[in-house]
Amino acid sequence: MGRYVLKRIGFMIVTFFVVVTLTFIAMKMLPGTPFLNPKLDPTQRQALMHEYGLDQPLAIQYVKYIWELLQGNMGTSFQYGNEEVTTLLFQKFPVSMNLGFEAIIIGAILGTLLGIFAGLHRGKFLDWGSMIFSMLGISIPSFIFAGILQYFLGVAIPLFPVAGWEGASSHVLPVASLAVGVLAEVAIFMRTEMVEVLNQDYIVTAKAKGLSKNAVVFKHAVRNALIPVVTILGPLTAAIITGSLVIEDIFGIPGIGDQYVKSIVTNDYPMIMGTTELYAALFILTIFIVDLLYGVIDPRIRVSGGHN
Amino acid sequence: MKSKAKWSLVLSFVLALSLVLSACGSSSSSSKSTTGLAKDQTLNLASTADIPTLDPNLATDTTSTNVISMTEAGLTRMHNNKYAWDLAAGAPKISADKKTVTFTLRKGIKWSDGKPVTAQDFVYGWHRQNDPAAKPAYNFLFAASGIKNASKIEDPTNKAWYGKYNKLGVKALNSTTLQVTFDAPVPPFFYSILSQPQFMPLRADFVKKQGKNFAQGASNLIFNGPFVLSKWNKGSGWTYKKNPKYWNAKATKLTTVNFQVQTDIATRVNLYKTNKIDMVGLTGDYVNAMKKTNASDIHTALNSGTFFLYINQKTNKNLKNLNLRKAINAAIDRESFVKVLFNDGSVGSNYVVPKGFTKGPDGKDFRGADPVNGYSAGSAAQAKAYWNKAKKELGIKKLNLTFLSSDGAQYKQWDSYLANQLEKLPGVTVTINQQPWANYLKLNQEFKFDLAFSGWFPDYQDPMTYLDMWTTGNPQNTTGWSNKKFDALINDGKAQTGNPTKRWNDMLQAEKVMMADYPIVPIYQSGYTWAQKSYVKDFSMPSYGPQYDFAQTYITKH
């Protein structure tokens, strides 16, 4: 196990640097400069490129960047008056993480419960009801929910703040808008798994042994049905954290989503790199954790490394 | 099993409960008297963007410029489109040749830390704007004003002079006297440009002490304007407090101004409707919607943004043909464009210098002279006639035009509207090419377009800011148009700073020459429409200066 973890960490570092290098090259292929004021004439723009060292050969810029990065220095943002990228990331990223994780946790728990519930009532009215609700949850984009929730629960019946990110009540609408999709996806997945697991021989055996219904469902059925669900949680987490942009926009949440897109369209090179690195690291780490989690849920998957 | 089935019940219960709670919760006081000042002089606003920077060297956008204008002061301050003496005690002494202007600073003007604002602070601020190491992005305003040596110091190709900011024509004669020298007589717009962030003073000791942290947060700044920035939560908002040390603090009625960053217009409108903000700018569908629901709150103003199409006659030989350019110009129905797509106070324009922007030596608006509402663009029938002539002269039957514009939801609508009108000319097809802004600029400068949608906002309060960019070889003139008569009039206008009437007439003539030749297609002059609570008074959106001016705003009882 220890050797497996070490090997995985080695691969993670390699993957990370491949991402950094590819992003750097792709980013430098974007047309234009970070100096987007139309009033600057080409010679003035060139003078600014020189001041920022952007007129040097690409290879030199790359080596300099990596050297600084290894020392924990991500450079300064062009959009934000030369503010340190690390400072900006530390301010904005936790907000997006917070929003994303709240949505994931609430969505996953409720989705799992709904899936179990539907699976146990297979073919009945409650099953159909839950699944129609889930299909709607998947097909309707989160920003539609956001708009509806904001209008009905923020303006028409002002229960929650229309926008902002201060205090628990301000979390309700954005988290709910994001969680609906997670809930729906997890519910559908969970239901399918439950239906499948409940038809397995070992469930029949467990029932035949005279175990209570609760014991059958929770000890045997749910635990087994959960394995595939954990698989989708990894990519889902990444999708939610990177995809919360529109929700952050609608509810005026000072997260990183909007920032990331703006960095790309404005050629804010250090910010593009910093945000990509953070996302890449997070994604790589999530996959790693999900792999380790398999072992916890299902002993058969526990990686032995071949010989120990 | 039963226990698990209940979560949905719990949820609906929570919802029901919160409905009840909200019914008790919304008890905002609303006494209807409108006389007298409200006790609480707090203004709440939403900004469409975060503050990119508060370093006056790096600020080029409206949000940054606006914050600096409210928290810092220059020699003058714009209010209702006129300049007033701010840190300058009054009109300066002007030498006989009009090339030396000497300002005396007001007595007792102070920074927010209590130290006096000195003439040396101005010199430092102006020098820093011309120091390449401080990476200034808008220093060309110094050259545009004709301040001595500025054009040489700011020209990167001038090796002998570039960056030698010590040679700029500005000097502190003593701590309260500032002398500015010019290459030619001082231009008439100099006093309004002094209100811009680039011309504000900076404290050398403070900037140096802060080093890399300068202007990165509310505590890394010092102020000398009507407000201080007391809080700046990046990404979510900022707060101004009245600056008691500002020399004219008695004119500042507001004690607090809160801004929250809200990039989504639906959200901003919802915040306005729930009384969380006191004013909201309206665009798109919200203009008509709010005109119906909140009619008495609606305000409209014309601003000084002009929008037009570049016509590339440098690499597209067909577009060198005057009749073709006239046909393009006449084919566009500007009135329906602004009415259908904006309805926000924008006006269709067939002119270069906007309305309500500057007054000449005779006190009349530039557009007050003939023609007031712009040149005649021609009817749809005339467009076809021009097009037929052009076809004959060029020997073509069909024409495809690439129409370059920036991307974004609103541009899709505008571009297709304009393309549709051009395609009414038989045989003309338009290919729309929408690009991210950075690439738009690149393609525009490389002349890789036939028509390009563009806009211009003034750098200083003078018609010249709209005109001199069209001279031969000017980097902004990405049309390839060149007209000797126009160039001569502009050069004369620039040389005639000592003779304002002659200069004014030169500019009027220059616009006439340009509008006979159609190097561009003017489309519209933009307007603002916004909703404002009735208890907010003296709030304005001027055509030059800060985008929002609330320096003297007050709140009445409500």
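**Group meeting: a walk through chains A and B**

Okay, let's start with a single pair: K93(B) has T102(B) as its bridge partner, and that partner sits in β5(B). Before I go on, please keep in mind that this is a predicted model.

So, that pair. The strands involved are β4(B) and β5(B), residues 100-104 for the latter, and they're joined by 2 bridges and run antiparallel. Zoom out a bit and you see an open sheet of 4 strands in chain B, in the order β4-β5-β7-β6, with antiparallel pairing. Which strands stand at the edges? They're β4 (93-94) and β6 (170-174) of chain B; each has a single partner strand, so one side of each has no neighbour in the sheet. There's also a helix packed on this sheet: α3 of chain B, residues 119-129, which touches β6 and β7 (177-181) of chain B. The direction of that helix makes about 165 degrees with the direction of β6(B).

Next, please find β17 of chain B, residues 520-532. How many of its 13 residues are buried? The count is 12, so you can call this strand mostly covered. And β17(B) has several partners to go through. With β12 of chain B, residues 298-311, β17(B) pairs in the antiparallel sense over 10 bridges; if you want a landmark there, F308(B) has P522(B) as its bridge partner. Then there's β11 of chain B, residues 279-282, joined to β17(B) by 4 bridges, again antiparallel, with M279(B) standing opposite Q532(B). And β13 of chain B, residues 347-348, pairs with β17(B) over 2 bridges, in the antiparallel sense; there, G348(B) stands opposite Y524(B).

That takes us to the core. The largest nonpolar core has 195 residues, and the members touching the most other members are V182(A), L183(A), V280(B), L309(B), A327(B), L467(B) and V521(B). Note that this list has names from chain A and from chain B. Which element gives the largest share? That's helix α7 of chain A, residues 168-198, with 16 residues. Apart from this core lies another one, of 8 residues, including M74(A), Y80(A), L88(A) and M273(A). Let me pick out L309(B) for a second. Setting aside neighbours within four places in sequence, L309(B) is in contact with L451(B), A452(B), F453(B), I520(B), V521(B) and I523(B).

Over to chain A. What does its secondary structure come to? It's 12 helices and 0 strands. The C-alpha atoms of chain A fill a box of roughly 85 × 65 × 30 Å along the principal axes, and buried residues make up 38% of the 308 residues. Looking at contacts in chain A with a separation of 6 or more, 76% of them come from residues 24 or more positions apart. On confidence, the mean pLDDT of chain A is 87, with 96% of its residues at 70 or more. If you rank the elements of chain A by mean pLDDT, α9 (residues 213-243) is lowest at 80 and α3 (residues 58-70) is highest at 94.

How do the two chains meet? The contact takes 50 residues from chain A and 45 residues from chain B. On the chain A side, the elements giving two or more residues are α2 (42-51), α4 (85-120), α6 (142-156), α10 (245-250) and α11 (257-265). By class, that side of chain A has 26 nonpolar, 17 polar and 7 charged residues.

Last, a few individual residues in chain B. Most residues other than glycine have a negative phi, and here are two with a positive one. A215(B) has phi near 65 degrees and sits in the loop between α7 (204-210) and β8 (227-233) of chain B. N275(B) has a phi of about 60 degrees, and its place is the loop between α8 (265-273) and β11 of chain B. Buried or exposed? A215(B) is buried, with 23 other C-beta atoms within 10 Å, whereas N275(B) is exposed, with 12.

And then D487(B), in helix α16 of chain B, residues 484-495. D487(B) has 18 C-beta neighbours inside 10 Å, so it counts as partly exposed; being called buried would take 20 or more. Leaving out neighbours within four places in sequence, D487(B) is in contact with T471(B) and T472(B).

That's my tour.

Note on methods: Residues are numbered from 1 along each chain as its sequence is written. Chains are lettered from A and ligands numbered from 1 in the order in which they are written. This is a predicted model: local features need pLDDT of at least 70, side-chain atom pairs count only at pLDDT 80 or more; totals for chains, interfaces and linings use all residues. Two residues are in contact if their C-beta atoms, placed from the backbone, lie within 7 Å. Ala, Val, Leu, Ile, Met, Phe, Trp, Tyr, Cys and Pro count as nonpolar, Asp, Glu, Lys and Arg as charged, and the others, Gly among them, as polar. A nonpolar core is a set of buried Ala, Val, Leu, Ile, Met, Phe, Trp, Tyr and Cys residues joined through C-beta atoms within 7 Å. Two strands pair if DSSP finds at least two bridges between them. Axes are lines fitted to C-alpha atoms, for helices over the stretch in contact, and angles run from 0 to 180 degrees between N-to-C directions. pLDDT is the predictor's confidence in each residue, from 0 to 100.
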